[in-house]
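Reader: I should like to go through this fold element by element. Please answer each question with a short line of reasoning.

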Amino acid sequence: MTLNIVLVEPQIPQNTGNVARTCSVTGARLHLVGPMGFKVDDKKLKRAGLDYWNLLDVTLYEDLASFFYEVSDGALGKEGAAPDTSGYGFHYFETNSPYVYTEPEYADNAYIFFGSETKGLDDRLLHRNPGQCVRFPMRSGVRSLNLSNAVAVGVFEVLRQWGFPELRPF
């Protein structure tokens, strides 16, 4: 089974490095969508990912429209960053979403999306795809989890639903 992690416009190299490490140890694929707030060869990014980079399956995209175009073989077009993505196994993690992250059944080849640390995901995309938006339950008055922590929680929920394929049971 394949799990895809999509970071849209990440800004903090240490967060992306931590996400890369999570992907490496779980076998998830990482998709980095620009523009990013750092270069991929950033020392902080590499340090956070430690020596796991050789285990990572990572793809870079210029922007979200390019990502949607490439992963859909052109079916979602390249006109903008807010297409209707129902039927593609995409799940958008955002703080104001109507559904809790444990509610969907994540299919093989699922894509779980996380927005930048400073602005989240594009509101147009979320409004176009409300049935695919999920959130973490949190206390009132707090903004959100750290990006790398949010990704880890999301990844392990998907893998839990799948029975932790290809991971050691102990």
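**Strand pairing and backbone geometry**

Reader: Which residue in E2 stands opposite Val6?

Author: This is a predicted model, in which local features need pLDDT of at least 70 and side-chain atom pairs count only at pLDDT 80 or more, while totals for chains, interfaces and linings use all residues. Residues are numbered from 1 along each chain as its sequence is written, and side-chain values use heavy atoms, with hydrogens and water left out. Five bridges join the parallel strands E1 (residues 3–8) and E2 (residues 29–33); strands here are DSSP runs of E with at least two residues, helices are runs of H or I with at least four, and both are numbered from the N terminus. Opposite Val6, in E2, stands His31.

Reader: In what order do the seven strands form the open sheet?

Author: Strands pair where DSSP finds at least two bridges between them, and the pairing in this sheet is parallel. Strand E3 (58–61) and strand E5 (99–100) are the edge strands, each pairing on one side only. The order is E3-E2-E1-E6-E4-E7-E5.

Reader: What is the handedness of the crossover from E1 through H1 to E2?

Author: Helix H1 (residues 13–26) packs on the sheet and touches E1 and E2 (contact: heavy atoms within 4.5 Å). Its direction makes about 155° with that of E2, where axes are lines fitted to C-alpha atoms, for helices over the stretch in contact, and angles run from 0 to 180 degrees between N-to-C directions. A crossover counts as right-handed if, with the strands pointing away from the viewer, the path from the first strand over the helix to the second runs clockwise. This β-α-β crossover is right-handed.

Reader: Which residue in E3 stands opposite Leu32?

Author: E2 is mostly covered, with four of its five residues buried (under 20% relative accessible area, 1.4 Å probe, protein chains only; exposed is over 50%, partly exposed in between). Four bridges join E2 to E3, and the two run parallel. Opposite Leu32 stands Leu60.

Reader: At about what angle to E6 does helix H3 run?

Author: Helix H3 (residues 64–71) lies across several strands, including E1, E2 and E3. Strand E4 (90–93) and strand E6 (110–114) are also among them. The angle to E6 is about 180°.

Reader: Which peptide bond is cis?

Author: Pro35 is found in the loop between E2 and helix H2 (43–49). With omega near 0°, the cis bond is the one from Gly34 to Pro35.

Reader: Does Asp73 count as buried or exposed?

Author: Asp73 is found in the loop between H3 and E4. Its phi is near 55°, a positive value in a residue other than glycine. At 74% relative accessibility, Asp73 counts as exposed.

Reader: How many residues apart in sequence are the parts that Phe90 and Phe113 tie together?

Author: Both Phe90 and Phe113 are buried. They form an edge-to-face aromatic pair, 5.1 Å centre to centre with 65° between the planes; rings of Phe, Tyr and Trp (its six-membered ring) pair if their centres lie within 6.5 Å, and planes under 30 degrees apart count as stacked, over 60 as edge-to-face and the rest as tilted. Because Phe90 lies in strand E4 and Phe113 in strand E6, the separation in sequence is 23 residues.
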